[in-house]
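Open the model in your viewer and show it as a cartoon. We will go from the whole chain to single residues, one selection at a time.

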Amino acid sequence: METKKKESEVHEDWKKYNGIIPKVELKSGIKPMELLCMHPNLFVLFAEALQFAEKRKLPFVVTSIIRSKEENDKLKSKSNTHVEGRAFDLSVNGWRTIDISDLVAIVGRKHSGLGAISAVDKVSRPVVVHDSGYGMHFHFQCRG
Ligand SMILES: [Zn+2]
């Protein structure tokens with residue numbers, strides 16, 4: 001069970017990371033300003049995933065953020081979360097199975113209240129790992 005960090009512990013983390021710039025890689029075609037168009041709830045999920053990746057020295061490659069309705073239709077996406085700025089995709093390349101399942105468990109435990117609610121089964125899921133035809137990836141999604 002992860003407990004909330006005290007301020008002093010956060011500062012210890014900061015000293016350890018001082019000078020390191022977290023490496024967020026955006027797949028070609030993604031414009032940096034898409035990050036600022038993300039729903040604020042999605043930032044929470046983004047930060048959790050980035051801190052996790054940084055601690056385990058895992059690549060953080062964002063493969064999709066904002067999509068137009070047309071792009072979304074072309075990809076035959078069933079949800080509008082990317083169109084509405086409520087989702088981003090993260091590549092699992094270079095991640096071990098245990099890293100993937102640990103992050104899904106942590107995000108599910110800490111942030112289920114932020115997760116998008118499925119139209120199909122009404123379950124809140126802040127992250128799913130799936131292959132929608134373009135390779136396996138995390139799909140982080142928040143409610144509006
Ligand atoms: Zn997605």
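Start with the whole chain: 24% of its 144 residues are buried. Keep in mind that this is a predicted model.

**The whole chain**

Count the elements as you rotate. There are four helices and seven strands. Followed along the sequence, they come in the pattern α-β-α-β-α-β-α-β-β-β-β. The radius of gyration is 15 Å, close to the 15 Å that the globule rule gives for 144 residues, so the chain is as compact as a globular protein of that length. Along the principal axes, the C-alpha trace spans about 45 × 35 × 30 Å. Now think about contacts in the chain with a separation of 6 or more: 73% of them link residues 24 or more positions apart.

**Helix 1**

Select residues 7–17. This is helix 1, and it is hardly covered. How many of its 11 residues are buried? The count is zero. Now add G19, which follows helix 1 and has a positive phi, near 95 degrees.

**The sheet**

Hide the helices for a moment. Five strands form an open sheet in the order 1-2-3-7-6, and the pairing is mixed. Which strands stand at the edges? They are strand 1 (25–26) and strand 6. Each has a single partner strand, so one side of each is left without a neighbour in the sheet.

Walk across from strand 1. Two bridges join strand 1 to strand 2, and these two run parallel. Select E25 and you will find V61 of strand 2 opposite. Then take L26, whose bridge partner in strand 2 is V62. Between these two strands the chain passes through helix 2, and this β-α-β crossover is left-handed.

Step on to strand 3. Strand 2 and strand 3 run antiparallel and are joined by two bridges. V62 appears again here, with L90 as its bridge partner in strand 3.

Next comes strand 7, residues 136–141. Strand 3 (residues 87–91) and strand 7 are antiparallel, with five bridges between them. Find F88, which stands opposite F140 in strand 7. Is strand 7 mostly covered or mostly bare? Strand 7 is mostly covered, with five of its six residues buried.

Finish the walk at strand 6, residues 127–131. Strand 6 pairs with strand 7 over five bridges, in the antiparallel sense. Pick H130 and look for its bridge partner in strand 7, H137. The two strands form a hairpin with four residues between them. In that turn, G133 has a positive phi of about 110 degrees.

While the strands are on screen, show their side chains. In a regular strand the side chains alternate between the two faces of the sheet.

**The core**

Bring the helices back. The largest nonpolar core has 21 residues. Select the ones with the most contacts inside it: L42, L45, F46, A49, F88, L90 and F140. Helix 2, strand 3, helix 4 (97–111) and strand 7 each supply at least two residues of this core. Which element gives the largest share? Helix 2 does, with five residues.

Zoom in on F88. Leaving aside its neighbours within four places in sequence, F88 is in contact with M38, L42, F46, V62, S64, I65 and F140.

Now jump to V127 in strand 6. Why does V127 count as buried? V127 is buried because 25 C-beta neighbours lie inside 10 Å, and the cut-off for buried is 20 or more. Beyond residues up to four places away in sequence, V127 touches L45, V104, V107, F138, H139 and F140. Draw a distance from V127 to F88: C-alpha to C-alpha they are 9.7 Å apart, yet 39 residues apart in sequence.

**Two lysines in loops**

Most residues other than glycine have a negative phi, and most peptide bonds are trans. Select K57, which has a positive phi near 60 degrees. K57 lies in the loop between helix 2 (40–56) and strand 2 (61–64). K57 is exposed, with 8 other C-beta atoms within 10 Å.

Last stop: K122, in the loop between strand 4 (116–117) and strand 5 (124–125). K122 is not a glycine, but its phi is positive, about 65 degrees. Is K122 buried or exposed? K122 is exposed, because 7 other C-beta atoms lie within 10 Å and the cut-off for exposed is 12 or fewer.

Conventions:
Residues numbered from 1 in each chain as written. Predicted model: local features only at pLDDT ≥ 70, side-chain atom pairs only at ≥ 80, totals over all residues. Pairing = 2+ DSSP bridges. Core = buried A, V, L, I, M, F, W, Y, C linked by C-beta atoms within 7 Å. Contact = placed C-beta atoms within 7 Å. Right-handed = clockwise from strand over helix to strand, strands pointing away. Rg over C-alpha atoms; globule rule 2.2 N^0.38 Å.
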